[in-house]
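User: Please take a close look at the salt bridges in this model and at the surroundings in which they are placed. I would like one connected account rather than a list.

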Amino acid sequence: MVDKKTLVRRLSFAAYFAAAFLLFLLLLFPFDRIKSKLESEFRLRTPLELSVARISPRFFNRFVLADVVVADNKGKALFESKSIKTTVSLFSLLRGALLLNLKAEAYGGELLVKAQQGPGRQYLLLDADGLDIASYPLLKDFGLRLSGKLGGNFEMDGDSGKGRLWLKGLTSRELKVKGFPVPDLDFEKGWLEVELKGDRLTVKKLELDGKDLSVRATGDLVLRERGTINLAIKLKPSERLAHEQAAMISLLRTRDAEGYYFLTLGGILSEPMPRL
């Protein structure tokens with residue numbers, strides 16, 4: 001049995017080395033080099049740019065990324081967050097794999113990301129809650145006045161994935177489609193379910209329910225340059241909206257027993273073409 005003095009001495013040595021490691025981690029660890037490496041690897045593996053103002057340690061395997069910006073090659077910000085809490089699995093690193101957990105505050109809500117990269121597996125999970133659509137600046141750049149809350153999750157394993165998003169209190173104002181004004185719309189709730197296989201995104205279900213309009217859509221999109229669109233869309237206007245937009249509604253000739261008008265959206269992603 002270890003005597004008391006020996007036990008105290010061993011614990012003192014352990015505490016000393018732990019304190020020395022923490023001091024090294026806080027003062028001497030090359031966070032600037034890691035930040036530069038992270039940004040360059042992101043640039044090499046994606047067509048996007050990553051900018052991180054600084055990396056701060058929190059524990060052995062926990063860090064905080066401050067003022068994070070993901071932008072396209074023209075410098076337009078696609079994602080911004082003041083703070084991203086990052087956890088790295090040391091056990092996975094010992095096995096030659098990478099397992100990351102990220103928690104970001106962004107656009108008035110919270111975004112969780114779990115990523116795993118290793119031999120034989122590429123895995124990604126995104127989980128969002130309470131994101132404020134109106135605070136996303138890219139929508140304004142496209143002239144879209146949208147508001148509401150967004151949440152849901154998307155899971156990807158290899159080249160295939162699936163996701164489900166929810167919308168609450170979605171509104172659109174002063175919207176125009178190919179120069180034609182669209183009436184202001186309010187949707188109390190909405191659901192979107194999709195599946196991804198390679199570059200083909202299948203819309204399993206899109207549902208938007210509002211006081212003046214209900215929307216249903218299914219179909220697929222090919223997510224590449226000049227990728228095609230093939231969506232079947234059903235619209236059910238209220239009596240008030242049908243009366244106010246009588247000229248537009250008259251163009252929709254096919255109507256089912258539930259009162260939904262039918263149209264399709266084809267063409268390519270950059271130039272969608274409705275077919276009545």
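Analyst: A salt bridge here is a side-chain nitrogen of Lys or Arg within 4 Å of a carboxyl oxygen of Asp or Glu. The model is predicted, and a search of the whole structure finds 13 such pairs.

A suitable starting point is the pair of arginine 173 and aspartate 186, whose side chains meet in a salt bridge with an N to O distance of 3.0 Å. This pair links distant parts of the chain, since arginine 173 belongs to strand β8 and aspartate 186 to strand β11, 13 residues apart. Arginine 173 has a relative accessible area of 26% and is therefore partly exposed. Aspartate 186, at 39%, likewise counts as partly exposed.

Strand β8 also contains threonine 171. The limit for a buried residue is under 20% relative accessible area, so threonine 171, at 15%, counts as buried. The side chain of threonine 171 makes a polar contact of 2.3 Å with that of serine 147. Beyond its neighbours within four places in sequence, threonine 171 is in contact with Arg145, Leu146, Ser147, Leu185 and Asp186. Asp186 thus appears both among the contacts of threonine 171 and as the salt-bridge partner of arginine 173.

A further salt bridge joins the side chains of aspartate 199 and arginine 224, at 2.5 Å from N to O. Aspartate 199 sits in the loop between β11 and β12, and arginine 224 in the loop between β13 and β14, so this pair ties together parts that are 25 residues apart in sequence. Aspartate 199 is partly exposed at 29% relative accessibility, whereas arginine 224, at 52%, counts as exposed. Arg164, Glu193 and Lys205 are joined into one network by salt bridges that share partners.

The strands named above also take part in the nonpolar interior. The largest nonpolar core has 25 residues, and Phe187, Leu231 and Ile233 have the most contacts inside it. At least two residues of this core come from each of β8 (160-173), β11 (185-197), β12 (200-210), β13 (213-222), β14 (229-237) and β15 (261-268). Leucine 231, leaving out residues up to four places away in sequence, touches Val203, Thr218, Gly219, Asp220, Leu221, Leu263, Thr264 and Leu265. Another core lies apart from it and has 17 residues, including Ile55, Leu65, Phe79 and Leu111.

Strand β2 (residues 62-71) is largely enclosed by the rest of the structure, because 7 of its 10 residues are buried. Strand β1 (residues 49-59) runs antiparallel to β2 and is joined to it by 9 bridges; in β2, valine 64 is the bridge partner of serine 56. On to β3 (residues 77-88), β2 is again joined by 9 bridges in an antiparallel arrangement, and alanine 77 of β3 is the bridge partner of alanine 71. The hairpin of β2 and β3 has 5 residues between the strands, and there glycine 75 takes a positive phi near 90°.

To complete the account of charged pairs, lysine 103 forms a salt bridge with glutamate 110, with the closest N and O atoms 3.6 Å apart. Lysine 103 is partly exposed at a relative accessible area of 38%, and glutamate 110 also counts as partly exposed, at 31%.

How values were computed:
Residues are numbered from 1 along each chain as its sequence is written. This is a predicted model: local features need pLDDT of at least 70, side-chain atom pairs count only at pLDDT 80 or more; totals for chains, interfaces and linings use all residues. Side-chain values use heavy atoms; hydrogens and water are left out. A nonpolar core is a set of buried Ala, Val, Leu, Ile, Met, Phe, Trp, Tyr and Cys residues joined through side-chain atoms within 4.5 Å. Buried means under 20% relative accessible area, exposed over 50%, partly exposed in between (1.4 Å probe, protein chains only). Helices (H or I, at least four residues) and strands (E, at least two) are DSSP runs, numbered from the N terminus. Contact means heavy atoms within 4.5 Å. Two strands pair if DSSP finds at least two bridges between them. A polar contact is a pair of N or O atoms within 3.5 Å; within protein, one must be able to donate a hydrogen and the other to accept it, and residues adjacent in sequence count only if both atoms are side-chain atoms.
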